[in-house]
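Subject: A structure for you to look through

Hello,

I am passing on a structure that I would like you to read alongside these notes. Please keep it open while you go through them, and look up each residue as it comes.

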Amino acid sequence: ANTLHKDTRHKTVRQHLFVKEGQPLNPFRLADNERFLRNTDFILDSRIIVLPVDDTDSVDVTVITRDVFSLGATMGGSFPTAPKVGIYDANVDGRAQRIQFTALIDADRSPNFGYSLYYRKSSLFGSLANLELGYSQINTGVSIGEEPEFAVLMRLNRPLVSPCSRWAGGVEVSRNWS
């Protein structure tokens with residue numbers, strides 16, 4: 001499994017930190033940051049350790065993380081008539097990037113074969129905002145019936161990562177047709 005999985009890079013972990021060098025230390029923000037790291041889909045556990053530096057008002061901050069095995073598969077749909085299977089990597093090259101491919105084969109829909117492809121970058125440029133790009137042929141429409149819906153989307157969102165956060169929100173632009 002270790003040959004298939006790439007550990008999260010140090011730079012990627014730094015991009016997911018609220019605390020920056022030169023800022024006053026806030027223990028509540030550190031606790032929120034640990035929780036935020038654990039809530040990502042590529043880190044299982046995190047711990048932030050603070051050690052004082054001799055005779056100064058500075059501290060050394062050490063971040064310890066434990067990765068999730070990032071490769072996975074999904075199964076759903078109706079077996080054997082309309083199977084829906086997918087594969088994903090939740091941490092491509094240790095850079096907090098998710099790529100997901102899902103396929104559906106169903107004789108009762110047109111086209112019989114449909115797929116979706118999604119890409120997500122977590123904490124884009126250290127901003128804590130997530131970018132998601134996607135294309136899908138296997139959504140179901142919201143109007144009458146279960147007609148197949150096609151979609152192309154771009155989503156940018158910044159979750160409320162801490163009560164100390166000043167900015168949160170999102171925007172989605174998509175084109176959907178059936």
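Below is what was found, starting with the whole chain and then turning to single pairs of residues.

Please bear in mind throughout that this is a predicted model. The chain contains two helices and nine strands, and if you follow the sequence from its start you meet them in the order α-α-β-β-β-β-β-β-β-β-β. Its C-alpha trace spans about 75 × 40 × 20 Å along the principal axes, and its radius of gyration is 20 Å, whereas a compact globule of 178 residues would have one near 16 Å. Buried residues make up 35% of the chain, and of the accessible surface, which comes to about 11500 Å², 57% belongs to carbon and sulfur atoms.

Strands β1 (residues 43-52) and β2 (residues 59-67) are a good place to begin, since they pair in the antiparallel sense over nine bridges. P52 has V59 in β2 as its bridge partner, and in the six residues between the two strands of this hairpin, D55 takes a positive phi near 55 degrees.

The structure holds ten salt bridges, and three of them are described here. The side chains of D32 and R35 meet at 3.9 Å, N to O; these two residues are separated by about one helical turn, because they stand three residues apart in helix α2 (residues 27-39). D32 is buried, with a relative accessible area of 14%, while R35 is partly exposed at 34%.

A second salt bridge joins D41 and R98 at 2.9 Å, N to O. This pair links distant parts of the chain, as D41 lies in the loop between α2 and β1 and R98 lies in strand β5, 57 residues apart. Here D41 is partly exposed, at 28% relative accessibility, and R98 is buried, with a relative accessible area of 16%.

The third salt bridge, between R155 and E172, is again 2.9 Å, N to O. R155 lies in strand β8 (residues 148-158) and E172 in strand β9 (residues 169-177), so the pair ties together parts that are 17 residues apart in sequence. There is also a network of salt bridges that links E34, R38, D45 and R47.

Finally, please look at the surface, where I87, I99, F101, I105, F113 and L117 form a nonpolar patch with about 540 Å² of accessible area together. Strands β5 (97-105) and β6 (113-121) each give two or more residues to this patch, and β5 gives the most, with three.

Best wishes

How values were computed:
Residues are numbered from 1 along each chain as its sequence is written. This is a predicted model: local features need pLDDT of at least 70, side-chain atom pairs count only at pLDDT 80 or more; totals for chains, interfaces and linings use all residues. Side-chain values use heavy atoms; hydrogens and water are left out. Patches are made of residues with over 30% relative accessible area and no salt bridge: like charges are joined within 9 Å, nonpolar side chains (Val, Leu, Ile, Met, Phe, Trp, Tyr) within 5 Å. Accessible areas come from the Shrake-Rupley method with a 1.4 Å probe; for residues, only the protein chains shown count as cover. A salt bridge is a side-chain nitrogen of Lys or Arg within 4 Å of a carboxyl oxygen of Asp or Glu. Helices (H or I, at least four residues) and strands (E, at least two) are DSSP runs, numbered from the N terminus. The radius of gyration is taken over C-alpha atoms; the globule rule is 2.2 Å times the number of residues to the power 0.38. Buried means under 20% relative accessible area, exposed over 50%, partly exposed in between (1.4 Å probe, protein chains only). Two strands pair if DSSP finds at least two bridges between them.
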